[in-house]
Amino acid sequence: RHILVLHGPNLNLLGTRQPEIYGHETLADINAHLERVAAEHGAQCSHFQSNHEGELLDRIHAARQDGTDFIIINAGAYTHTSIALADGLASVDIPFIEVHLSNVYRREAFRHHSFLSSTAKGVVAGLGAFGYEAALLSALRA
Ligand code: DQA
């Protein structure tokens, strides 16, 4: 199985970005851990981060042809704004899980709505970096 992990805007700053909200682990730490867990299950995990909506969309489109079975996505703030990403994810017909490090529901009201959730297989929020691992383990069972 081939799992693609997508990270949206500002997630390249993890580790130093508001660590009281997002934790101390860097994106490289998280990606390395996910690769290890996937390998332990005989699966492959690739990852892509971008601060640009269009680049994330291009990567989602490419997933149609590169053997991706499942997508795990933390779209960052685009979660709350991007109809384009929601349409893209719905168009490629690859199941996906939406992840947020923080519990968006105990934060500002503008973080309570997600354009992605209505077509997601599942949503994980508030579990920190472990949320990605939970999503990965779920994807590996799917
Ligand atoms: C986030 C929550 C979003 O509201 C925020 O814009 C992010 C990160 C999270 O992982 O908790 O960039 O997706």
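**Exercises on burial, contacts and fold**

With 17 C-beta neighbours inside 10 Å, R111 counts as partly exposed. The exercises below concern this residue and others in a predicted model.

**Exercise 1.** Determine where R111 lies and which residues R111 touches, leaving out those up to four places away in sequence.

*Solution.* Step 1: R111 is placed in the loop between β4 and β5. Step 2: beyond four places in sequence, the contacts of R111 are H80 and V104. Step 3: the UniProt annotation "binding site", from an unreviewed entry, covers both H80 and R111, along with N74, D87, L101 and S102. These annotated positions span 38 residues of sequence and are also spread in space, with up to 24.1 Å between C-alpha atoms.

**Exercise 2.** Classify L101 as buried or exposed, and describe its surroundings.

*Solution.* Step 1: L101 belongs to the loop between β4 (96-100) and β5 (122-125). Step 2: a residue is buried if 20 or more other C-beta atoms lie within 10 Å of its own. Step 3: L101 has 23 C-beta neighbours inside 10 Å and therefore counts as buried. Step 4: setting aside residues up to four places away in sequence, L101 touches Y22, G23, G128, A129 and G131.

**Exercise 3.** Establish the burial class of V124 and its relation in space to V99.

*Solution.* Step 1: V124 is part of strand β5. Step 2: because 20 other C-beta atoms lie within 10 Å, V124 is buried. Step 3: V124 and V99 are 25 residues apart in sequence, yet their C-alpha atoms are 4.8 Å apart in space. Step 4: V99 is also one of the residues that V124 touches, the others being I97, G131, A134 and A135, when residues up to four places away in sequence are not counted.

**Exercise 4.** Describe the overall architecture of the protein and assess its compactness from the radius of gyration.

*Solution.* Step 1: the secondary structure consists of 5 helices and 5 strands. Step 2: along the sequence, these elements follow the pattern β-α-α-β-α-β-α-β-β-α. Step 3: the radius of gyration is 14 Å, close to the 14 Å that the globule rule gives for 142 residues, so the protein is as compact as a globular protein of that length. Step 4: along the principal axes, the C-alpha atoms fill a box of roughly 35 × 30 × 25 Å.

**Exercise 5.** State what share of the residues is buried and what share of the contacts joins residues at least 24 apart.

*Solution.* Step 1: of the 142 residues in the protein, 35% are buried. Step 2: contacts between residues at least 6 apart in sequence are considered, and 76% of these join residues at least 24 apart.

Notes
Residues are numbered from 1 along each chain as its sequence is written. This is a predicted model: local features need pLDDT of at least 70, side-chain atom pairs count only at pLDDT 80 or more; totals for chains, interfaces and linings use all residues. UniProt positions are given in the numbering used here, feature names are shortened, and annotations may be inferred rather than shown by experiment. Helices (H or I, at least four residues) and strands (E, at least two) are DSSP runs, numbered from the N terminus. A residue is buried if 20 or more other C-beta atoms lie within 10 Å of its own, exposed if 12 or fewer, and partly exposed in between; C-beta atoms are placed from the backbone. Two residues are in contact if their C-beta atoms, placed from the backbone, lie within 7 Å. The radius of gyration is taken over C-alpha atoms; the globule rule is 2.2 Å times the number of residues to the power 0.38.
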